[in-house]
Amino acid sequence: MKKTIALWAALTTLALFAATGCTTADADSPAPAASTATPSAGNKAPGAPDAPEAPDAAAATAAAYRKWGLKPLAPPPAPPAKKPATRTAGGPVPVISDIETDQKIVFITIDDGAEKDPQFVAMMKDLKVPVTMFLTDATIRSDYPYFAQLTAQGHGLANHTLTHPNLRTLSPDAQRREICGQQEKLTKEYGTRPRLFRPPYGNWNEATRAAAKECGIEAIVLWRESMQIQNMQYQRGDGKLHPGDVILAHFRGPSELKGRTMTQMMANLLRHIEEQGYTVARLEDYV
């Protein structure tokens, strides 16, 4: 009688499992893993925070460029293990207008410091395009902190004399005072001693090189292209960028740019670079 009751109970249990679609787990099989899927907005617990989204660097970069009406530049390549432009021990200070490279990179340099547009600081923070600033004390002394904002972003600091004279018209001693004096000013104000120097108007002579060497300068940097308001002036006859070119621009405002702002001028410059398939690298990584 007991065996008949036990058999009847077992058959009843199996029938119930078959009817509901349930099965018993095999004792030797692993238990199902807990789900790691993020609940959708429709089934997440009331009051539970939304799952954080993974950051998308490419989307953030595109949004930053779009804010300024631009297309993103390609990321620059890793800098070379050995800088292609250096001063040999005991040798003269090299004078360069471009850097030897086969990479499609150019370098942006900005001179003087007369214009101090706060929107330019915001633009550089958004775009993270490296520039090197060749600063003249006579034009920056009214607002040293403005350029501190740009150096804090990682932009290069370089020497462009105390008063912006034509150095070829000065004696060797006067040239030395202009260059060494600005070295001291910039070091005092920004805590960094410049390695690079640009003579005003691109005018220099051998006395300039000697003074630059005495003042601790490692290279005199000229340029291959200069940015105007909307277009660039090219030194080469083919009228286009070449790998390693140094581009000259200026801290200028609407009074010198026919009503355009410095950010508009910079946007035009970046368009020229992007349209020719180039990107911008950091000059100090190459010289």
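Start by selecting Asn-205 and Ala-207 in this predicted model. Asn-205 caps the N-terminal end of helix α7, with a side-chain oxygen sitting 3.1 Å from the backbone nitrogen of Ala-207.

Stay on Ala-207 for a moment. Ala-207 belongs to α7, the helix that runs over residues 206–214. Color by accessibility and Ala-207 comes out as partly exposed, because its relative accessibility is 24%. Now bring up Pro-172 and Gln-175: once neighbours within four places in sequence are set aside, these are the residues that Ala-207 contacts. If you draw a distance between the C-alpha atoms of Ala-207 and Gln-175, you'll get 7.6 Å, for a pair that is 32 residues apart along the chain.

**Around helix α7**

Next, select Thr-208, Arg-209, Ala-211 and Ala-212, the buried residues of α7. Look down the helix axis: these residues lie on the same side of α7, because they span an arc of only 165°. What do the buried residues of α7 pack against? Show β1 (95–96), α6 (172–190), β5 (196–197) and β6 (219–221), and you have their packing partners. Then spin the helix to see the face turned away from the buried side, where you'll find the exposed residues Glu-206 and Glu-214. Before leaving, click on Gly-216, just after α7; its phi is positive, at about 90°.

**Salt bridges**

There are 13 salt bridges in the structure; here are a few stops.

Select Asp-126 and Lys-67 to see a salt bridge between their side chains, 2.9 Å from N to O. Asp-126 is in helix α3 (residues 118–127) and Lys-67 in helix α2 (residues 57–67), so this pair ties together parts that are 59 residues apart in sequence. Are the two partners alike in exposure? Better to check each in turn: Asp-126 is partly exposed at 23% relative accessibility, and Lys-67 counts as exposed at 57%.Move on to Arg-193 and Glu-184, another salt bridge, where the closest N and O atoms are 3.0 Å apart. Arg-193 is partly exposed, with a relative accessible area of 37%, and Glu-184 is partly exposed as well, at 44% relative accessibility.

Then select Arg-236 and Asp-245. Their closest N and O atoms are 2.9 Å apart, and the two residues form a salt bridge. Widen the selection to Asp-98, Arg-224 and Glu-225: together with Arg-236 and Asp-245, they are joined into one network by salt bridges that share partners. Is Asp-245 buried or exposed? Asp-245 is buried, since its relative accessible area is 0%. Arg-236, at 22% relative accessibility, counts as partly exposed.

**Two loop residues with positive phi**

A quick reminder before the next picks: most residues other than glycine have a negative phi.

Go to Thr-161, in the loop between β4 (156–159) and α6. Thr-161 is not a glycine, yet its phi is positive, at about 75°. With 0% relative accessibility, Thr-161 counts as buried.

Now jump to Lys-258, which you'll find in the loop between β9 (245–250) and α8 (262–275). Here too a residue other than glycine has a positive phi, near 55°. Is Lys-258 buried or exposed? At 77% relative accessibility, Lys-258 counts as exposed.

**The nonpolar cores**

For the last leg, switch to the inside of the protein. Which residues touch the most other members of the largest nonpolar core? Select Ile-108, Phe-251, Leu-270 and Ile-273: in this core of 41 residues, they are the ones. To see where the core comes from, color β2 (105–112), α3, β3 (131–135), α5 (144–152), α6, β9 and α8, each of which supplies at least two residues. Linger on α8, which gives the most to this core, with seven residues.

Finish at another core, which lies apart from that one and has 28 residues. Leu-167, Ile-179, Cys-215 and Ile-220 are among its members, so to speak your handles for finding it in the viewer.

Key. Residues numbered from 1 in each chain as written. Predicted model: local features only at pLDDT ≥ 70, side-chain atom pairs only at ≥ 80, totals over all residues. Heavy atoms only, no water. Helix = DSSP H or I, 4+ residues; strand = E, 2+ residues; numbered from the N terminus. Buried < 20%, exposed > 50% of the residue type's maximum accessible area, 1.4 Å probe, protein only. Contact = heavy atoms within 4.5 Å. Arc of directions from axis to C-beta. Polar contact = N/O pair within 3.5 Å; in protein donor to acceptor, adjacent residues only side chain to side chain. Salt bridge = Lys/Arg side-chain N within 4 Å of Asp/Glu carboxyl O. Core = buried A, V, L, I, M, F, W, Y, C linked by side-chain atoms within 4.5 Å.
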